[in-house]
Amino acid sequence: MFSVFHWKFWKILRCTPIFLCLALFTALSASAESFRVHKTVLLQVSTADTSRSVFAGVNDAIAVELPEENEFIEGIDVYFKVPQEVSYWMDSVAWSLYSGIKPEPSETKIDYKGKKETVGTFGSLLTYDIKLPLKVPNTIKQDSYSTYIETLPQTTGGKLFVRLQLAMKGTPDSLTDSLFEVSAKPIYINKGRLSLSVTLPEHVTPSPYTVFLDGKEVDLKEEGMLVTPGVHTLSIESESYRNEVRTVTVEQAKILSVKIQLKDIAPQIRLSAPKDTVAYCDDVPVQNLEEPFTVPQGKHTFRFVLGGYEIVKNLEALNGKNYTVAVTIDAEVTEEQ
């Protein structure tokens with residue numbers, strides 16, 4: 001026969017969330033446990049701006065599938081819309097995060113084995129936010145509106161595994177019919193990737209050059225490097241090629257590929273003359289007056305022939321300089337008295 005004390009203790013125990021016992025068991029046991037869920041719901045995390053939602057019941061598992069391209073992802077934000085009945089029965093449902101789950105989670109499996117890393121309940125909230133890190137260290141911001149998991153979960157097949165289960169006795173049967181709406185989105189590092197592809201001039205012996213980013217020398221190869229989002233100055237300096245400067249804008253979690261065609265340091269000449277003018281550079285005919293051309297550093301003579309007129313210009317050309325040699329014909333009009 002129960003005494004009054006026993007009866008009161010039973011009433012308290014009957015309404016006490018059993019997740020506390022689960023948490024204690026987890027803290028004491030580092031071994032994996034075997035369990036069965038009602039069903040497994042697959043939630044794919046998209047790197048696009050839009051995210052999809054799935055619905056999971058009280059005794060279901062959610063397999064959060066990570067994107068294949070996750071260089072910029074340092075964590076996953078899992079967001080729950082809690083059913084009103086679950087919120088009313090405060091702490092009635094627990095969530096658990098597992099590591100090393102076996103077999104690989106899929107919608108066709110219900111029996112699993114894995115190590116429970118973290119456990120908690122939804123309290124009386126109608127929305128619940130869990131931040132799961134994928135990298136250590138990370139820059140994930142912690143706040144009072146979300147639950148930050150310090151443990152780095154071990155994924156299986158690129159999937160995180162979250163289990164829902166009833167955590168309180170004495171709840172109505174209708175509670176097990178409640179559905180959580182679950183969504184997930186990436187938490188990005190505050191970096192973007194900048195890559196550089198350099199093409200050397202044709203018919204020129206390859207020579208070294210130095211790449212600078214915001215005035216600092218960097219080893220910026222085609223695979224690129226992580227940089228802080230924003231506007232940056234990219235420059236290439238060389239004694240054998242012309243210096244190149246570009247202003248680039250790097251966006252968070254995106255790759256910016258920059259292509260630069262290096263130019264010969266030899267002086268570049270552009271000719272400008274009236275139609276039908278025949279031009280010579282050092283007595284060699286210039287075939288195309290529309291296109292610039294290079295000459296060796298030093299003194300050069302340019303000769304222009306138009307009809308019966310001939311104009312000669314001399315130029316001391318320096319490496320790294322561009323020149324335009326222009327010929328104009330003008331007419332002067334005066335009034336006779």
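**View 1. Phe161 counts as buried, with a relative accessibility of 1%.** The model shown here and in the other views is a predicted one. Eleven aromatic pairs are counted in this model. In one of them, Phe35 and Phe161 lie 6.0 Å apart from centre to centre, with 50 degrees between their planes, and the pair is therefore classed as tilted, since planes from 30 to 60 degrees apart fall in that class. The two rings come from distant parts of the chain, Phe35 belonging to strand β1 (residues 33-36) and Phe161 to strand β10 (residues 159-166), at a separation of 126 residues. Phe35 has a relative accessibility of 8% and, like its partner, counts as buried.

**View 2. Phe80 and Phe180 form an edge-to-face aromatic pair.** The ring centres of Phe80 and Phe180 are 6.3 Å apart, and 90 degrees lie between the planes of the two rings. This pair, too, links distant parts of the chain: Phe80 is in strand β5 (residues 73-81), whereas Phe180 is in strand β11 (residues 179-188), 100 residues apart. Both Phe80 and Phe180 are buried. The two residues also belong to one aromatic cluster, whose other members are Trp95, Phe122 and Tyr128.

**View 3. Ser92 is placed in the loop between α3 (84-88) and β6 (93-102).** Because its relative accessibility is 1%, under the limit of 20%, Ser92 counts as buried. Leaving aside neighbours within four places in sequence, the residues in contact with Ser92 are Val86, Gln165, Leu166, Ala167, Met168, Thr171 and Leu175. The C-alpha atom of Ser92 is separated by 7.7 Å from that of Gly123, although the two residues are 31 residues apart along the chain. One of the contact partners of Ser92 is Thr171, which is placed in the loop between β10 and β11. Thr171 counts as buried as well, with a relative accessibility of 14%, and beyond four places in sequence Thr171 is in contact with Trp89 and Leu166 in addition to Ser92.

**View 4. An open sheet is formed by four strands with antiparallel pairing.** The order of the strands across this sheet is β14-β13-β16-β17. Its edges are formed by β14 (216-218) and β17 (244-250), each of which pairs on one side only. On average, and with direction ignored, neighbouring strands of the sheet are turned by 35 degrees against each other. Strand β16, which covers residues 230-237, pairs with β17 in the antiparallel sense over seven bridges. At one position of β17, Val248 is the bridge partner of His232.

**View 5. The charged end of Arg303 sits over the ring of Tyr280.** The distance from the charged end of Arg303 to the centre of the Tyr280 ring is 4.2 Å.

**View 6. Residues 1-16 and 18-29 have pLDDT values below 50.** For the chain, the mean pLDDT is 88, and 91% of the residues reach 70 or more. Over residues 1-16, where the pLDDT is below 50, the model has five contacts beyond near neighbours in sequence. Over residues 18-29 the pLDDT likewise stays under 50, and for this stretch the model has eleven contacts beyond four places in sequence.

Key
Residues numbered from 1 in each chain as written. Predicted model: local features only at pLDDT ≥ 70, side-chain atom pairs only at ≥ 80, totals over all residues. Heavy atoms only, no water. Pairing = 2+ DSSP bridges. Helix = DSSP H or I, 4+ residues; strand = E, 2+ residues; numbered from the N terminus. Axes fitted to C-alpha atoms, helices over the stretch in contact; angles between N-to-C directions. pLDDT = per-residue confidence, 0-100. Contact = heavy atoms within 4.5 Å. Phe/Tyr/Trp six-rings, centres within 6.5 Å; stacked < 30°, edge-to-face > 60°. Buried < 20%, exposed > 50% of the residue type's maximum accessible area, 1.4 Å probe, protein only. Lys NZ or Arg CZ within 6 Å of the ring centre and 35° of its normal.
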